[in-house]
Structure formats: structure tokens, C-alpha cells
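Here is a short briefing to read alongside the sequence and the 3D view. Keep both open and follow each topic in turn.

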Amino acid sequence: MPFTQRYTLTQYLIEERRRYPDASGDFNALVLDVALACKAIARAVAFGELGGVLGNHETELGGSVNVQGETQKKLDVLSNAYFTRLNEWGGHLAGMASEEMEQPYQIPAPQPRGKYLLVFDPLDGSSNIDVNVSVGSIFSILRAPQDAIDSGRDVQEADFLQAGSTQVAAGYALYGPTTMLVLSVGNGVAGFTLDPNLGEFMLTHRNIQVPHDTQEFAINASNSRFWEAPVKRYVDECLAGKTGVRGKDFNMRWIASMVAEAHRILMRGGVFLYPRDSKDASKPGRLRLLYEANPIGFIMEQAGGRASTGERHMLQVPPSALHQRIGLVFGSKNEVERIERYHAEPPVSVELDNPLFAKRSLFRD
Ligand code: AHG
Ligand code: MN
Ligand code: MN
């Protein structure tokens, strides 16, 4: 292959750091440690059955279940271990939190503690792992509270309960046909493709922008009977296509790996919905605020898209718990804003669309 003059992730980070002459370099070193964890996970994923990593995680007591009540895959547990092991020694972190760990993870002695918090979903879409469909890792970097930085005390849940707008950086790795790292350090979004020969992430996608309009949506339609009226209205209007109020046909996609849907939307536009619904009153939404909705929301907004609960701007939501679930809508700005409008407007009576209840029908006088 010819030598191409491409930037590596390290070069990109060094150039970004020049905007902050006083920066210590801790942040860049942290991002490189996260990238190393992603490369290690990419290797494990790529070996699949040959590596003995598929299937459920088994302990002496049988299968394991995480704090979400979800069965853990071997690769969920392995990916979580890569994240903690490769990020605990650098001295950049005050603590970590993960989908796979009920409590915050303390940086073990004698490792030094630093000024950032790392929050992650080590393997998103892991139900797809056994069927060889793309999965990924999602991460968010926050600043630790000043007293934790000063004292080096243990971190606690409250330290992580920061609105998404305070994120210092966020990103994801996608383990697809190629492994990619997509990153925002608060100055747009850049995409890097893993060169498997060099083991380096190379800058391949500069300044990614989400188109403001789209004709593609993603939602798990099997939940439609549990949706709230504004979501039902939005999807019905998309399905009505050219002959409906939208006046154009829509396409639909559902991978069931949110990280893969986010990547598709970053590349070509679209809207993703996993809205709050009435399926299970104990779960206000499927996805988690701190390590799914906020980092993906940050990336979307940095790329000119939008992320919302449906009712409000996602990045303004004050978190109330480490593993809090939330309704999530993100992607092309004009579609997300339309969905927010539908939530704000008084409900449109669905009966009006039903011929049985329409004017002059049997059921009206
Ligand atoms: P995780 O594997 O980290 O638990 O997340 C899976 C999520 C998300 O990636 C995806 O969009 C959604 O779950 C799929 O949900 P359904 O099974 O309802 O389609
Ligand atoms: Mn996930
Ligand atoms: Mn996960």
C-alpha cells in the first residue's frame, strides 16, 4: 500500500492541545489509553469464536447479571476489564464508572489519582456479538469535583451526576468491517480508522457534519403499542410517506447496536429514537443517560445534530443516578426538533385518523 501522509490520533491530539498552551498533557494521555482499550477490544471481537469469547459469561454460580438486570456476555466482562486495567495506572483519573459495575470504580493504590472521570459502556449492542453484527464502546470524560482532585479521596456516585453539557470529551469505537474511533474534544467531531498493520488510529474523517434533514429513521417498532402519542404521531407520519403530511417517503433501519446507528447517522443523517414508553414502569427509557445518551448526544451536537429526551435538550438533563435510564432521540437537527415540537404541542387526537371514529362514522352523531 502506498505511504499516505495521514495524521495519527496522537498527532491530532497534539494539534488540538496547542489551543490550550497550559494543558499538562494528561488529557491526551487519557484519550490514548482509552484508544488502547478500544484496540484491545477490537482484537478480541475480531477473533470471535476462535478466541473463545462468544456467549454468556459464566461464573461458578452460573451466568452473571449486571446492575441493569441484563445477562452479561463474556465480551461485556472482558471489555470492562480492558477499560479498567488500561486506564487505572496513568494517573489521569480520579475514578471510573461503567454499565457493567454497580458502584464507581476506585483507582487502586499505589496508582496516582488524577483530575478526570471516565464513564463508559464497554460494549454496546452486545446482544449482537454472537451473530457477528457490529458492536462498539462508548465513553465520556468529565472533570472530577475539585475537592476530589485536591484530596485524592474515593469517588462517589454524586461526583458523576453532571449534566452532559459539562463533558470535556466523548467518543465511541465501532467494531465493524473496519474499527473506527469517533471523538470530540469539544471542537467538532473527527473520525479515525484503525490501520490494522500499524495498530494506529488514522484520521480519515475530518469535521464530521450530520445533515440537518433526513428521510431515514430508526426505532424498535415492536414497542409501538407502548409509545407515547407524540412518538406514535411522528412514526405514523413517516410511514405515511409521500401521500401523508410529510410529503416524502422514509426508509427505516434498526441494527440494535445504538453505537452503530449513531455512526450511520453521523455519516449520512437520520434520526434514532428509543423513547420513554409504557412497557415497564420501572424503566423510563431503555438507554442510559451517563454512558449512552450523553456521550452520543455530545458527539451529535458537535457534528451539528441534536439530542433530546423528546421533551428537552439531553445535555441539560441533571442526572439523578449513575445507571439512570432515559428516553433518547438524536440525529438530524430538523427531525429531532420536529419530535420535540410534537411533545410540546397539545396531543393530536389519534381517533381522528381512524375511520371508525371519523366525522360521519357509526360512532359519532
Ligand atoms: P447494551 O448492549 O450496552 O446493553 O445496549 C444495547 C442497547 C442499544 O445498543 C440498542 O439500541 C438497544 O439496546 C437495543 O434494544 P432492543 O433489544 O430493544 O432492540
Ligand atoms: Mn449500551
Ligand atoms: Mn453494554
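In which helix is V45 found? V45 sits in helix 2, which covers residues 26-47. Please keep in mind that this is a predicted model. The average pLDDT of the protein is 93, and 94% of the residues score at least 70. One stretch calls for care: over residues 357-365 the pLDDT is below 50, and in the model this stretch has 12 contacts beyond near neighbours in sequence.

**V45 and its surroundings**

- V45 counts as buried because its relative accessibility is 18%, and the cut-off for buried is under 20%.
- Setting aside neighbours within four places in sequence, V45 is in contact with L75, I129, V135 and Y175.
- One of these partners, V135, is 90 residues from V45 in sequence, yet the two C-alpha atoms are 8.7 Å apart in space.

**S126, another contact of V135**

- S126 belongs to the loop between strand 5 and strand 6, the latter running over 135-143.
- With a relative accessible area of 14%, S126 is buried.
- Beyond the neighbours within four places in sequence, S126 is in contact with K73, D76 and V135.
- V135 is thus a residue to look at twice, being in contact with V45 and with S126.

**The manganese ion that is ligand 3**

- Which protein residues are donors to this manganese ion? They are E99 (OE), D121 (OD) and L123 (O), at 2.2 to 2.3 Å from the ion.
- Along the sequence, these donor residues follow the spacing E-x21-D-x1-L.
- E99 lies in the loop between strand 3 (93-98) and strand 4 (105-106), while D121 lies in strand 5 (residues 116-124), so the pair ties together parts that are 22 residues apart in sequence.
- E99 is buried, at 5% relative accessible area.
- D121 is buried as well, at 0%.

**The manganese ion that is ligand 2**

- The protein donors here are D121 (OD), D124 (OD) and E292 (OE), lying 1.9 to 2.1 Å from the ion.
- Their spacing in sequence reads D-x2-D-x167-E.
- Why does the pair D121 and E292 tie together parts that are 171 residues apart in sequence? The reason is where they lie: D121 is in strand 5 and E292 is in helix 8 (residues 289-302).
- Both residues of that pair, D121 and E292, are buried.
- D121 bridges the manganese ions that are ligand 2 and ligand 3, and the two ions lie 3.7 Å apart.

**Ligand 1 and its shell**

- Ligand 1 is surrounded by 18 residues, and the closest are E99, D124, G125, M258 and Y274.
- Two of those names are already familiar: E99 is a donor to ligand 3, and D124 is a donor to ligand 2.
- A polar side-chain atom of E99 is 3.0 Å from an oxygen atom of ligand 1.
- The side chain of N220 has an N or O atom 3.1 Å from an oxygen atom of ligand 1.
- For W254, an N or O atom of the side chain is 3.0 Å from an oxygen atom of ligand 1.
- Taken alone, ligand 1 exposes 480 Å², and the protein buries 87% of that.
- Strand 5, strand 13 (271-274) and strand 14 (287-288) each supply at least two residues of the shell.
- Strand 5 gives the most to this shell, with 3 residues.

Technical notes
Residues numbered from 1 in each chain as written. Chains lettered and ligands numbered in written order. Predicted model: local features only at pLDDT ≥ 70, side-chain atom pairs only at ≥ 80, totals over all residues. Heavy atoms only, no water. pLDDT = per-residue confidence, 0-100. Contact = heavy atoms within 4.5 Å. Helix = DSSP H or I, 4+ residues; strand = E, 2+ residues; numbered from the N terminus. Buried < 20%, exposed > 50% of the residue type's maximum accessible area, 1.4 Å probe, protein only. Donors = N, O, S within 2.8 Å, 3.2 Å for Na, K, Ca; no water. Near = heavy atom within 4 Å. Polar contact = N/O pair within 3.5 Å; in protein donor to acceptor, adjacent residues only side chain to side chain. Areas by Shrake-Rupley, 256 points an atom, 1.4 Å probe, with all protein chains shown as cover.
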